[in-house]
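Hello,

Here is the structure I promised to hand over. Please open it first, then read the notes below.

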Amino acid sequence: MTLGDRIRRSRREKGLTLSQLSKRSGYNKSYLCQIENSYHINPSAKLIDDISLILGVTIEYLLRGEKNDIELAILLKLKKLSESDKNRVIKIIDDFQHE
């Protein structure tokens with residue numbers, strides 16, 4: 001399964017049309033269609049990140065097909081935090097790792 005296949009599958013599972021994904025992401029519908037159909041092999045990291053957030057999947061899933069629901073939940077919450085709150089979370093994780 002390709003990156004485009006995983007984007008299409010995730011988009012459909014989310015109940016979104018290509019037009020809706022285009023509107024939410026700000027990327028051109030025809031460009032997204034090219035990616036889904038593997039005509040554009042190298043989309044930017046920013047596009048993959050943006051699309052992953054909209055579709056509620058991890059970047060790792062889109063790129064490699066690896067799903068981890070716990071990591072996804074943490075990642076989605078983390079991305080919504082301010083930079084100072086992100087740093088606090090990192091400190092908490094560091095404290096857990098040193099126990």
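Is S38 buried, partly exposed or exposed? S38 counts as partly exposed, because its relative accessibility is 29%. The cut-offs are these: buried means under 20% relative accessible area, exposed means over 50%, and partly exposed is in between (1.4 Å probe, protein chains only).

Before the rest, some ground rules. This is a predicted model, where local features need pLDDT of at least 70, side-chain atom pairs count only at pLDDT 80 or more, and totals for chains, interfaces and linings use all residues. Residues are numbered from 1 along each chain as its sequence is written, and side-chain values use heavy atoms, with hydrogens and water left out.

**Overall picture**

The protein has seven helices and zero strands. Helices here are DSSP runs (H or I, at least four residues), as strands would be (E, at least two), and numbering starts from the N terminus. In order, the elements read α-α-α-α-α-α-α. The C-alpha atoms fill a box of roughly 50 × 25 × 25 Å along the principal axes. Of the 99 residues, 29% count as buried.

Confidence comes as pLDDT, the predictor's confidence in each residue, from 0 to 100. The mean for the protein is 90, and 97% of its residues reach 70 or more. Among the elements, helix 2 has the highest mean pLDDT, at 97. Helix 6 (residues 69-79) has the lowest, at 79.

The protein exposes about 6,800 Å², and carbon and sulfur atoms supply 53% of that. The areas come from the Shrake-Rupley method with a 1.4 Å probe; for residues, only the protein chains shown count as cover.

**Helix 2 and what follows it**

Start with helix 2 (residues 18-25). Which of its residues are buried? They are L18, L21, S22 and S25. Down the helix axis, these buried residues fall within an arc of 100°, so they line one face of helix 2. The arc is that of the directions from the helix axis to the C-beta atoms. K23 and R24 are exposed on the other side of helix 2.

What covers the buried residues of helix 2? The cover includes helix 1 (3-13), helix 3 and helix 4. Contact means heavy atoms within 4.5 Å.

G26 comes after helix 2 and has a positive phi, near 85°.

**Back to S38, then C33**

S38 sits in the loop between helix 3 (29-36) and helix 4 (45-55). Its phi is near 60°, a positive value in a residue other than glycine. Most residues other than glycine have a negative phi.

C33 is in helix 3. C33 counts as partly exposed, at 30% relative accessibility. Its C-alpha atom is separated by 7.3 Å from that of L18, and the two residues are 15 apart along the chain.

**Around helix 5**

Four buried residues are worth a look together. The contacts given for them do not count residues up to four places away in sequence.

- L62 lies in helix 5. L62 is buried, with a relative accessible area of 0%. It touches L3, R6, I7, S10, I48, I51, S52 and V57.
- Y61 is in helix 5 (residues 59-64) too. Y61 is buried, with a relative accessible area of 6%. It touches R6, R9, S10, E66 and K67.
- S10 is found in helix 1. S10 is buried, at a relative accessible area of 3%. It touches L55, V57, Y61 and L62.
- S52 has its place in helix 4. S52 is buried, at 2% relative accessibility. It touches V57, T58, I59 and L62.

Two longer spans also start here. How far apart in space are L62 and I92? Their C-alpha atoms are 28 Å apart, with their places 30 residues apart in sequence. Y61 and G26 are 35 residues apart in sequence and 21 Å apart in space, C-alpha to C-alpha.

**Contacts across the chain**

Take contacts between residues at least 6 apart in sequence. Of these, 45% join residues at least 24 apart.

Best wishes
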